[in-house]
Amino acid sequence: MTAVPVRPPLTRPRSVVLGGVCAGLARHLERPVAVVRITIVALTILGGAGALLYLWLWAFVPRERGPADAPPQRTAPVAIVLLVAAIVVALLVPFTWALPTVVPVGAVESALLATAAIVWAFALDPREPRHAASAPTVRVLAAILLLGLGLALFPGTLLAGRPVVAVLCVVLVLLGIAGFVVPPVLAYGRSRGVERATLAREEQRSEIAAHLHDSVLQTLAIIQNRAGAGSEVARIARAQERELRDWLFAGTDPFAGDLATELRTIARELELEHAVRIEVVTVGEVDAIESHALAAAAREALANAARHAGGDVTVYAEATPDAVEVFVRDRGPGFDAAAIPDGRLGIRESIVGRMSRAGGRAVVAATPDGTEVQLRLPRRTTEKGGPT
Amino acid sequence: MIRVLIVDDHSIFRAGVRAGIQHAVEVVGEAGNVDAAVRAIDELRPDVVLLDVHLPGGAGGGGAEVLRRSTALLGEVRMLALSVSDSAEDVVGVIRAGARGYITKASSGEEVVAAIRTVAAGDAVFSPRLAGFVLDAFGTTAGTPAVAVADDELDRLSAREQEVMRLIARGYAYKEVAAHLYISIKTVETHVSAVLRKLQLSSRHELTAWALERRLL
């Protein structure tokens with residue numbers, strides 16, 4: 001038995017000129033693309049079989065597998081070509097007007113091309129980055145062409161007494177109006193659909209939240225309560241609770257990197273590592289602030305509190321128009337800021353130094369009841385100076 | 001001894017709380033749903049009710065419904081809301097319905113006892129989170145002068161009240177707030193109670209908008 005050479009499968013590539021038929025066919029037959037294209041064009045000119053073959057293959061040959069969310073990339077500006085063709089054909093009408101045909105040659109053809117341009121520009125182009133920008137213009141121009149053609153021919157039909165053409169003119173005008181009106185209406189309906197879907201998701205989410213609330217969160221609270229603060233079980237339960245709570249009550253997903261989210265993430269991480277309970281309170285638009293320096297200094301302060309104090313730690317972040325402030329308070333034995341032991345050298349460099357480099361300031365206030373690290377960053381710095 | 005009623009639908013949780021506070025207060029009863037809670041409050045007339053925010057039964061209104069149906073007794077029975085969640089909806093909802101304070105269910109027995117004592121004495125219990133909500137709700141960070149000229153103005157916090165709220169949000173105990181501001185603890189408690197009253201009574205436009213945004217009303 002001789003081995004049959006395996007041909008590449010007949011599929012259309014995802015990055016195509018028009019439909020990907022020629023490229024796919026060339027790959028399958030292992031012939032140059034140019035040869036396939038010339039054959040198709042030649043067959044089209046000699047009786048139209050090429051065009052039929054092309055359309056038939058376009059319809060039935062599957063597209064290459066790829067990421068579902070990535071639409072095929074088309075290089076040919078199909079809508080623009082259709083529009084230009086429609087204009088060119090429409091320009092023939094004055095010359096074919098006098099010919100003895102029922103309808104002047106070019107009028108129907110132009111109308112079909114312009115309609116195709118509108119459909120293509122509305123239905124397919126917006127999904128393609130290469131053509132999305134020009135699509136609305138193409139659509140409007142094609143609609144104007146339809147309207148113009150209909151209105152221009154209409155007086156002539158009345159004078160010459162050609163009722164069929166008069167009907168065609170009415171159809172042209174209607175098509176033109178439809179080209180203007182239908183796409184925006186459809187687009188509106190589509191966006192409303194998206195809105196409804198978002199709303200439904202939101203509702204489902206709050207339903208889930210309500211359910212989990214009564215069961216899982218309660219259980220986690222009971223576990224923490226019974227296990228006693230500081231125990232391993234309580235720590236894990238609390239970290240889980242916080243994670244679940246963040247997910248349930250976050251509403252829309254905040255973009256990662258804002259200060260409020262970062263503080264919560266830091267708290268969650270530290271609660272897993274240390275026997276500490278961290279409460280994060282934010283006031284004002286803290287979730288609109290991005291400041292790497294502030295977040296890093298707060299992380300350092302929190303890590304210090306978790307490591308050396310433990311127990312209950314409160315983080316308070318407040319954004320006012322002038323400044324952003326973060327306070328980290330613990331209940332550990334206070335320490336003398338002037339006589340910082342080696343292990344706590346981190347404070348001076350990573351908190352105080354970092355804040356002053358960022359244009360803010362940091363104060364470490366130690367009392368017998370605990371330590372409070374106060375961070376303050378003027379607002380202008382956070383908006384312009386913070387790395388994005 | 002302070003007489004306490006524990007209202008929560010989880011019997012294990014009630015038992016846990018009871019065990020944690022029994023040494024300091026007298027637990028006179030327990031209730032597991034809205035109707036039982038309203039009945040128990042009416043019959044037992046406890047000094048303080050530990051009230052779960054998410055309570056089943058009744059018309060489905062949870063702890064806030066218990067508060068509304070016991071409005072007539074709120075003068076002698078103080079309600080302390082207990083919640084597993086710290087979402088704004090739950091916290092501000094029960095406070096506006098008449099609770100005198102709010103603590104999370106993760107609080108230790110000692111913390112619960114301290115909160116019960118504060119509430120029983122007629123003062124309000126503000127957790128850092130609740131203080132944060134108040135500051136947010138009264139728009140103290142929006143840049144507009146939200147400071148009240150007169151202390152009895154319902155729609156705004158006075159400068160002092162704002163300072164107190166900010167310190168509580170920063171995790172300061174009442175005692176520490178007092179030391180920090182060079183005022184007495186009693187004065188701090190007065191300020192906190194005043195804020196509680198404003199939170200309950202204010203129809204301030206921003207507060208309403210803020211509540212609507214969070215689907216509180």
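User: By what rule is the expected span of a helix obtained, and what span does α4(A) reach in this predicted model?
Analyst: The expected span of a helix is 1.5 Å times one less than its number of residues. Helix α4(A) has 19 residues, for which 27 Å is expected. From its first C-alpha to its last, α4(A) comes close to that value, reaching 27 Å.

User: How are the directions of α4(A) and α5(A) related?
Analyst: Helix α4 (residues 78-96) of chain A and helix α5 (residues 107-123) of chain A have axes that come within 8 Å and cross at roughly 160°. Angles over 145 degrees count as roughly antiparallel. The relation of α4(A) to α5(A) is therefore roughly antiparallel.

User: Which hand does the crossing of α4(A) and α5(A) have, and how do the residues of the contact divide?
Analyst: The crossing is left-handed. On the α4(A) side the contact includes A:V78, A:L82 and A:V89, and on the α5(A) side A:L113, A:A117 and A:W120 are among the residues met. The contact residues divide into one charged, one polar and 16 nonpolar.

User: Against which elements do the buried residues of α4(A) pack?
Analyst: The buried residues of α4(A) include A:I80, A:L83, A:A86 and A:A90. Their partners in chain A are β2 (73-74), α5 and α6 (135-160).

User: Which residue with positive phi follows α2(A)?
Analyst: Helix α2 (residues 33-45) of chain A has 13 residues and reaches 19 Å from first C-alpha to last, close to the 18 Å expected. After α2(A) comes a residue whose phi is positive, near 105°: A:G47.

Key. Residues are numbered from 1 along each chain as its sequence is written. Chains are lettered from A and ligands numbered from 1 in the order in which they are written. This is a predicted model: local features need pLDDT of at least 70, side-chain atom pairs count only at pLDDT 80 or more; totals for chains, interfaces and linings use all residues. Axes are lines fitted to C-alpha atoms, for helices over the stretch in contact, and angles run from 0 to 180 degrees between N-to-C directions. Helices (H or I, at least four residues) and strands (E, at least two) are DSSP runs, numbered from the N terminus. Angles under 35 degrees count as roughly parallel, over 145 as roughly antiparallel, 65 to 115 as roughly perpendicular and the rest as oblique. A crossing is left-handed if the near helix is turned anticlockwise from the far one by less than a right angle, and right-handed if clockwise. Two residues are in contact if their C-beta atoms, placed from the backbone, lie within 7 Å. Ala, Val, Leu, Ile, Met, Phe, Trp, Tyr, Cys and Pro count as nonpolar, Asp, Glu, Lys and Arg as charged, and the others, Gly among them, as polar. A residue is buried if 20 or more other C-beta atoms lie within 10 Å of its own, exposed if 12 or fewer, and partly exposed in between; C-beta atoms are placed from the backbone.
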